[in-house]
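Open the model in your viewer and keep the selection panel at hand. The stops below say what to select and what is there.

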Amino acid sequence: MFSLAKDIGIDLGTASVLVYVKGKGVVLNEPSVVAIDKNTGRLLKVGAEAQAMLGRTPGNIVAIRPLREGVISDYDMTERMLKEFLHKVTGGFSLFKPRVIICVPSGITEVEERAVVDAGIQAGARRVYLIEEPVAAAIGAGLDIAKPDGNMVVDIGGGTTDIAVISLSGVVESVSIKVAGDQFNESIVKYMRRKHNVLVGERTAELMKIQIGCVFPKEQETCIDVKGRCLLTGLPKTLSITSTEMLEAFEEPVERILEAIHGVLERTPPELVADISNNGIVMTGGGSLIDGFDKLVESRTGIQTIVAADAISCVAEGTGKSLDSVASMTDGTVNLSRRKQMN
Ligand SMILES: Nc1ncnc2c1ncn2[C@@H]1O[C@H](COP(=O)(O)OP(=O)(O)O)[C@@H](O)[C@H]1O
Ligand SMILES: [Mg+2]
């Protein structure tokens with residue numbers, strides 16, 4: 001028997017949404033941003049088009065990242081965003097409704113999960129399944145998680161870092177902290193103000209993070225010119241900033257991530273810790289691309305650490321691939337998620 005409707009996997013991230021269609025791979029990758037008209041409540045744009053409006057909107061339009069803080073008030077927006085993206089991919093479902101599996105940020109509440117499931121159903125899905133992000137990340141990174149063998153995944157996204165130990169396809173121990181890519185940007189803004197009396201915007205901070213950001217000393221120091229507003233004169237100022245300065249800027253968020261990894265290892269049963277020390281730690285998510293993260297984690301834990309080859313699309317691919325195991329599951333909208341949250 002074959003299915004006429006394509007199964008769809010969605011990585012609903014705090015920074016971006018990726019849609020995976022079975023047999024096609026990742027077909028959509030857009031920022032998790034919506035632009036709405038405040039007066040009418042109308043949704044104007046989603047994704048990349050809405051992103052371009054961030055920080056540049058006139059009074060009546062607001063561009064928001066509904067998943068950034070995972071707050072319930074924005075779940076209505078999340079629902080609408082999800083529908084728009086699904087519509088883009090499918091052109092609207094017709095006769096054959098697909099099954100949709102969605103990977104949601106850890107730490108979202110049951111009410112929020114419900115909203116996500118409803119959005120999928122309203123967008124025309126036949127069934128909606130939810131998957132835990134670390135499990136999807138592990139599958140996407142190519143780990144064989146079905147065995148009774150411990151693996152550790154550290155996913156550094158935009159809004160949250162999720163650390164989990166997985167064995168027998170389930171999460172044994174995990175934590176989610178609200179320290180990830182966004183906080184690295186904020187650290188840069190704070191550093192620039194503190195050290196150089198210069199105010200830089202979030203886009204500049206993001207650019208600095210990607211171009212010169214590092215969390216472990218680089219063999220060769222790099223630097224870029226950065227434009228901001230001098231807080232003393234109020235005028236534009238250009239500064240040359242080095243990668244070594246980024247080490248100092250990132251100290252706080254980096255320590256919090258390392259502490260969280262340490263905490264998870266401490267709570268993990270010894271047999272699994274032994275497995276992890278054999279298997280190593282796998283890092284996924286856009287935040288793990290900051291230069292030297294693998295080296296830093298390895299040096300602080302003594303456990304071999306690698307960044308997954310396709311760190312950004314890993315979760316989407318894992319979500320998509322998990323559709324195969326969904327096939328063997330009983331019918332009904334099943335909630336696969338079970339999470340623990342810190343702070
Ligand atoms: N090359 C890079 N270097 C450093 N950070 C990056 C890079 N590419 C993306 N990021 C950061 O990764 C974060 C988004 O990661 P992602 O895994 O897509 O998040 P989420 O799953 O929460 O949507 C953002 O904070 C972004 O700035
Ligand atoms: Mg993610």
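## The nonpolar core

This is a predicted model. Begin with the largest nonpolar core, which has 96 residues; select L12, I102, V116, A138, V153, V154 and M283, the members that touch the most others. Next, colour helix α2, residues 75-90, which gives the most to this core: six residues.

Stay in the core and centre the view on I102. Which residues does I102 touch, not counting those up to four places away in sequence? They are I10, L12, V116, G120, V128 and L130.

## Two crossing helices

Select helix α4 (residues 133-140) together with helix α11 (residues 314-321). Their axes come within 7 Å of each other and cross at roughly 90 degrees. An angle from 65 to 115 degrees counts as roughly perpendicular, so α4 is roughly perpendicular to α11.

Now show the side chains where the two helices meet. On the α4 side, select E133, A136, A137, A138, I139 and G140; on the α11 side, select C314, V315, E317, G318, T319 and K321. Coloured by class, this contact of α4 with α11 shows six nonpolar, three polar and three charged residues. A138 in α4 has already appeared, as one of the core residues that touch the most other members.

## Around ligand 1

Move to ligand 1 and display the 19 residues around it. Which of them come nearest? Label G13, A15, G157, G181 and G286.

Then bring up the helices that take part. α5 (181-196) and α6 (202-212) each supply at least two residues of the shell around ligand 1, and the largest share, three residues, comes from α6. By class, the shell divides into five nonpolar, 11 polar and three charged residues.

## V264 in helix α8

Select helix α8, residues 251-267, and pick out V264 within it. Is V264 buried or exposed? A residue with 20 or more other C-beta atoms within 10 Å of its own counts as buried; V264 has 22, so V264 is buried.

Add the residues that V264 contacts beyond its neighbours within four places in sequence: I163, V165, E173, S174 and V175. Draw a C-alpha to C-alpha distance from V264 to I163: the two are 7.3 Å apart in space, and 101 residues apart in sequence.

## The whole protein

Finally, zoom out and show the cartoon. The protein has 12 helices and 16 strands. Of its 343 residues, 47% are buried. Among contacts with a separation of 6 or more, 65% join residues 24 or more positions apart.

Conventions: Residues are numbered from 1 along each chain as its sequence is written. Chains are lettered from A and ligands numbered from 1 in the order in which they are written. This is a predicted model: local features need pLDDT of at least 70, side-chain atom pairs count only at pLDDT 80 or more; totals for chains, interfaces and linings use all residues. A nonpolar core is a set of buried Ala, Val, Leu, Ile, Met, Phe, Trp, Tyr and Cys residues joined through C-beta atoms within 7 Å. A residue is buried if 20 or more other C-beta atoms lie within 10 Å of its own, exposed if 12 or fewer, and partly exposed in between; C-beta atoms are placed from the backbone. Helices (H or I, at least four residues) and strands (E, at least two) are DSSP runs, numbered from the N terminus. Two residues are in contact if their C-beta atoms, placed from the backbone, lie within 7 Å. Axes are lines fitted to C-alpha atoms, for helices over the stretch in contact, and angles run from 0 to 180 degrees between N-to-C directions. Angles under 35 degrees count as roughly parallel, over 145 as roughly antiparallel, 65 to 115 as roughly perpendicular and the rest as oblique. Ala, Val, Leu, Ile, Met, Phe, Trp, Tyr, Cys and Pro count as nonpolar, Asp, Glu, Lys and Arg as charged, and the others, Gly among them, as polar. A residue is near a molecule or strand if its C-beta atom, placed from the backbone, lies within 6 Å of it.
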